[in-house]
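User: I'm new to looking at protein models and would like to learn how to read one. Could you walk me through it step by step?

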Amino acid sequence: MYDSGKIIVGLIIFIALVTFPFYNNIGKVNAKPELKIDTPEIQKLPELERKCVEPKDFMRGGHMQLLNDWRDSVVRNGNRVYKNSANKDFNMSLQNECMRCHSNKKDFCDKCHNYMAVKPYCWDCHIAPKEKKP
Amino acid sequence: MSMNRREFIKLAGISTLVGVGGVSVFNKLQQNALEASEFTAGTEALNAKQWAMVIDMSKFKTPEDYKRCMDACHSTHNVPDFSNPKDEIKWIWPETFEHAFPGQEHKYMNEETKEKSFLLLCNHCANPACVRVCPTKATFKRKDGVVMQDMHRCIGCRFCMAACPFGARSFNYRSSRGKDANGQPLIKEENTAYPTRMIGVVEKCTFCTERLAVGKLPKCVEVSDEFSKGALVFGDLADANSEVRKIINTKYTIRRKPELGTEPSVFYVIGGNDYAIVPELL
């Protein structure tokens, strides 16, 4: 092999650069986002009603699918009432129903979305509730 | 590897079974994700086969009357005011007879009709041209006849604007969030219960589907009742006993550009009942 010295050194430098983010972060633990679900609106609710439309575990993993289904149902089929698995009715609306309780977009939506580096475009159109100063 | 016919057929049969079985198992699992949830229209929702509107022009007396309807609509739906006709977004707007009903005007027409403003909005056609051309089905016809716009799907191609013969559609050339040159917000009073639109989508009147869903009439109709009862009447065109049908049955109404075959659902009563009487004919 001609120029093997240059090539091998080059390769080593290349691999070192590419893998830099990995070994740089080895052993470091990024703080997981802690979502705030104690907005004043939620605190005001009676204890028994402090439940999201679906169980927490489902919402954590499936809220995007739920919101997608809600959107299709409302916009395309005109059906706006959602009966959840506990037989309770909800108005299917991100802006008027979800955010009515979760009035802290920054500490609820953004925190996790930023951590996961996802950028849903909900708020390009929908109006987020006014952030309250703690 | 060689394989005789018998082995091949066996293998094909087994893989078909696994494939079909796998899909159905997968579907079953997906269904179980959310049990017993369902979508309904709600008990208060107003229903119809084809929503329609009758606009009685004789009941609009002053420019103030039009303005009230327009302002109410535009503030309810967060329609921005760009104060520039090129960027204008309009859901409901005034127009002269000549422009609203082209071809119907003539030089002997009475001054009042000639100069009067007509209130125009999306016609929610029974056979809408905009829906036919939309490449993403972002605009579509609902079961109740409303020509609806799904902003999530709109790619901003503006085919619908080219197709609509009524100029009912507006394109968001600019973002409606923010302020104009004078530092005034583009949306004067934000209605936090209704979304705004992002740059690059087409919008228009929706016959207030969000209000129909909770048993309310469209905003312009509600407001018009305050200054003149019956100026705007809303109802089901397919129901022979509806108020709109009663008016259409008893009065002469015209529609915009009916010759194009889109079957508009907005009807206009032009002259009221004060026709000029020619004595010899009595």
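User: Let's start with the order of elements. In what order do the elements of chain A run from the N terminus on?

Analyst: Read along the chain and write down each helix or strand as you meet it. Keep in mind that this is a predicted model. Chain A gives α-α-α-α-β-β-α-α-α when you start at the N terminus. In total, chain A has 7 helices and 2 strands.

User: And how many helices and strands are there in chain B?

Analyst: Chain B has 9 helices and 11 strands.

User: Next, overall form. What radius of gyration does chain A have, and what would a compact globule of 134 residues have?

Analyst: The trick here is to set the chain's own value beside the value for a compact globule with that many residues. For 134 residues the globule would be near 14 Å, but chain A has 23 Å. Its C-alpha trace spans about 75 × 40 × 30 Å along the principal axes. Now try chain B: a compact globule of 282 residues would be near 19 Å, while chain B has 25 Å. The C-alpha trace of chain B spans about 100 × 55 × 40 Å along its principal axes.

User: What share of each chain is buried?

Analyst: For this you count the other C-beta atoms around each residue. In chain A, 12% of the 134 residues count as buried. In chain B, buried residues make up 32% of the 282 residues.

User: Where do the two chains meet, and how many residues does each give to the contact?

Analyst: List the residues on both sides. Chain B gives 24 residues and chain A gives 21. On the chain B side, strand β1 (residues 38–40) supplies the largest share, 3 residues. Sorted by class, that side has 10 nonpolar, 7 polar and 7 charged residues.

User: Which strand of chain A does β1(B) pair with?

Analyst: Look for bridges between strands. Strand β1 (residues 81–83) of chain A pairs with β1(B) in the antiparallel sense, over 3 bridges. You can find the partners one by one: A:Tyr82 is bridged to B:Phe39, and A:Lys83 has B:Glu38 as its bridge partner.

User: How do I read the whole sheet, and in what order do its strands come?

Analyst: Go from strand to strand across the sheet. This open sheet has 3 strands in the order β2(A)-β1(A)-β1(B), with antiparallel pairing. Its edge strands are β2 (89–91) of chain A and β1 of chain B, each pairing on one side only. From one strand to the next, the twist averages 30 degrees.

User: What about cores? How many residues does the largest nonpolar core have?

Analyst: Here's the general idea: nonpolar side chains tend to be buried together in soluble globular proteins. In this model the largest nonpolar core has 56 residues. Among those with the most contacts inside it are B:Met53, B:Leu232 and B:Phe234. Strand β2 (residues 51–56) of chain B contributes the largest share of this core, 5 residues. Another core lies apart from it and has 7 residues, among them A:Val53 and A:Trp70.

User: Which strand does β2(B) pair with?

Analyst: Use the bridges again. β2(B) and β9(B) pair in the antiparallel sense over 5 bridges, and B:Met53 stands opposite B:Phe234 in β9(B). Because 5 of the 5 residues of strand β9 (residues 232–236) of chain B are buried, this strand is largely enclosed by the rest of the structure.

User: Can we finish with a single residue? Is B:Val269 buried or exposed?

Analyst: Remember the neighbour count: the cut-off for buried is 20 or more other C-beta atoms within 10 Å. B:Val269 has 22 of them within 10 Å, so B:Val269 is buried. You'll find B:Val269 in strand β11 (residues 266–269) of chain B.

User: And what does B:Val269 touch beyond its neighbours within four places in sequence?

Analyst: Skip those neighbours and see which residues remain. The contacts of B:Val269 then include B:Val54, B:Asp56, B:Ile247 and B:Thr253. You can also compare positions in sequence and in space: B:Val269 and B:Ala231 are 38 residues apart along the chain, with their C-alpha atoms separated by 9.4 Å.

Conventions. Residues are numbered from 1 along each chain as its sequence is written. Chains are lettered from A and ligands numbered from 1 in the order in which they are written. This is a predicted model: local features need pLDDT of at least 70, side-chain atom pairs count only at pLDDT 80 or more; totals for chains, interfaces and linings use all residues. Two residues are in contact if their C-beta atoms, placed from the backbone, lie within 7 Å. Helices (H or I, at least four residues) and strands (E, at least two) are DSSP runs, numbered from the N terminus. Ala, Val, Leu, Ile, Met, Phe, Trp, Tyr, Cys and Pro count as nonpolar, Asp, Glu, Lys and Arg as charged, and the others, Gly among them, as polar. Two strands pair if DSSP finds at least two bridges between them. The radius of gyration is taken over C-alpha atoms; the globule rule is 2.2 Å times the number of residues to the power 0.38. A nonpolar core is a set of buried Ala, Val, Leu, Ile, Met, Phe, Trp, Tyr and Cys residues joined through C-beta atoms within 7 Å. Axes are lines fitted to C-alpha atoms, for helices over the stretch in contact, and angles run from 0 to 180 degrees between N-to-C directions.
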